[in-house]
Amino acid sequence: MKSFRENMADFLESGQIIEVEIGLGPAGELRYPSYPQNQGWVFPGIGEFQCYDKYLKAEFKEAASNAGHPEWELPDNAGEYNEKPEVTEFFRSNGAYDTERGKFFLTWYSNKLLSHGDQVLDEANKAFLGCKVKLAAKNLQVSGIHWWYKDDSHAAELTAGYYNLKDKDGYRPIARMLSRHYAILNFTCLEMRDSDQPAEAKSRPQRLVQQVLSGGWRENIKVAGENALPRYDRSAYNQVLLNARPNGVNRDGPPKLKMFGVTYLRLSAELLQPKNFKIFKIFVKNMHANQEYCADSEKYNGRIDLLERSKPAIPIQELLEATKPVEPFPFDEETDMSIGGFLADLIDNLIERIASTFN
């Protein structure tokens, strides 16, 4: 990070770079590598806990002994990468995850991840101290851990390090940790709707996005996001627009709830196909509330101040207080800046067929 600052000094000083994304784990994300595709994982497998090397085994044993339970061991009944929750003793209904031992383990496991992210961001803050930049923590990218969200165990989230259940918020403590570093929470799967997902995966990406963004806003930090998969259709763009401004455009000033920024993935030959690019241009304009181009970037993201030194470390008990579940902010059903739906697609397809006939 120090090398990046030194080599990019001209861009940082001129304001060309205003955000630096800090990698916190696999694919840059703050999570355990619980679902590695190169080891055979396929969607919607629950994944596996990643804590069985000799070092973490020793750390868990010490933590359990300090808690008065030297007999406790790491779970050996949580299944394999591609299993479903109900076939494992740990994640099934009334499974081990809901016992005193299971709760102790999941708290320890998630706290290790939280501590790791905190330490890396503290070093990043030192490296970029005094620069006019925001630090962004990449969290839950790829498709987002939305599978098994509707299952009581939230198994895929638990193996990834997010202790998120109906009675426990696994994401707001992360937002609280980010707040001490003046960092942005960067989320994903903004384009996904619940109806897009196979029923057997018990996915709920819309509710997941709503929960995570609300947690960030409640901790008074900026939130940003991106789409998880390449999409070029109006339905996906409309969902991104909804998440960017959950309660629509405010004609009298900035909306109360709005994202700091959205990253679109990604530039490709398919995006530049005439029909796809036409829809994309409408999407971009609607992201800017249908306003004309403005060269003053400060009117988009607000003023970027010099990065200050991180605040004092937040005690673990204060972080854990953020696990108390609170209903997320209400989101509108549909965006007020829609780029059209079925009828618009029908017209586009008709025009495309006519054009291909004459060509």
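This is a short tour of a predicted model, with something to select at each stop.

**Stop 1: the core**

Start inside. Select F49, F90, F105, F128, Y237 and F283: these have the most contacts inside the largest nonpolar core, which has 86 residues. Now colour helix α4, residues 100–128, which supplies the largest share of this core with 10 residues.

Zoom in on F283 next. Which residues does F283 touch, once its neighbours within four places in sequence are left aside? Show Y237, V240, L241, Y264 and I339, and you have its contacts. Apart from the big core there is another one, of 5 residues; pick out A136, A224, F260 and I304, which are among them.

**Stop 2: two helices side by side**

Keep α4 on screen and add helix α6, residues 172–179. Two numbers help here, since packed helices are described by the angle between their axes and the distance between the axes. For α4 and α6 the angle is about 20 degrees, and the axes are 10 Å apart. Angles under 35 degrees count as roughly parallel, so α4 and α6 are roughly parallel to each other. Their crossing is right-handed.

To see where they meet, show side chains on both. From α4, select L114, G117, D118 and L121; from α6, select P173, I174, M177 and L178.

**Stop 3: charged pairs**

The model has 22 salt bridges, and a few make good stops. Begin with R31 and E29, whose closest N and O atoms are 2.4 Å apart. Are these two buried or exposed? Both R31 and E29 are buried.

Move on to R231 and D196, a salt bridge with its closest N and O atoms 3.6 Å apart. R231 sits in the loop between β4 (223–226) and α8 (234–244), while D196 sits in the loop between β3 (183–187) and α7 (205–218), so this pair ties together parts that are 35 residues apart in sequence. D196 has 37% relative accessibility and counts as partly exposed.

Then select K285 and E292, another salt bridge, with the closest N and O atoms 3.1 Å apart. K285 is partly exposed, with a relative accessible area of 32%, and E292 is exposed at 59%.

Finish this stop with a group: D118, D122, E123, K126, R180 and R309 are linked in a network of salt bridges. You have already met D118, where α4 meets α6.

**Stop 4: backbone oddities**

Now hide the side chains and look at the backbone. Most residues other than glycine have a negative phi, and most peptide bonds are trans. Here are some places that go the other way.

Go to F43 and P44: the peptide bond from F43 to P44 is cis, with omega near 5 degrees. You'll find P44 in the loop between β1 (19–22) and α3 (54–66). A cis peptide bond also joins L265 and R266, with omega about -5 degrees. R266 is in the loop between β5 (261–263) and α9 (274–287).

For positive phi, select Y182, a residue other than glycine with phi near 60 degrees. Y182 lies in the loop between α6 and β3 and is partly exposed, at 26% relative accessibility. Last, select C189, where phi is near 50 degrees, again positive. C189 is in the loop between β3 and α7. How much relative accessible area does C189 have? The value is 0%, so C189 counts as buried.

Terms used
Residues are numbered from 1 along each chain as its sequence is written. This is a predicted model: local features need pLDDT of at least 70, side-chain atom pairs count only at pLDDT 80 or more; totals for chains, interfaces and linings use all residues. Side-chain values use heavy atoms; hydrogens and water are left out. A nonpolar core is a set of buried Ala, Val, Leu, Ile, Met, Phe, Trp, Tyr and Cys residues joined through side-chain atoms within 4.5 Å. Buried means under 20% relative accessible area, exposed over 50%, partly exposed in between (1.4 Å probe, protein chains only). Helices (H or I, at least four residues) and strands (E, at least two) are DSSP runs, numbered from the N terminus. Contact means heavy atoms within 4.5 Å. A salt bridge is a side-chain nitrogen of Lys or Arg within 4 Å of a carboxyl oxygen of Asp or Glu. Axes are lines fitted to C-alpha atoms, for helices over the stretch in contact, and angles run from 0 to 180 degrees between N-to-C directions. Angles under 35 degrees count as roughly parallel, over 145 as roughly antiparallel, 65 to 115 as roughly perpendicular and the rest as oblique. A crossing is left-handed if the near helix is turned anticlockwise from the far one by less than a right angle, and right-handed if clockwise.
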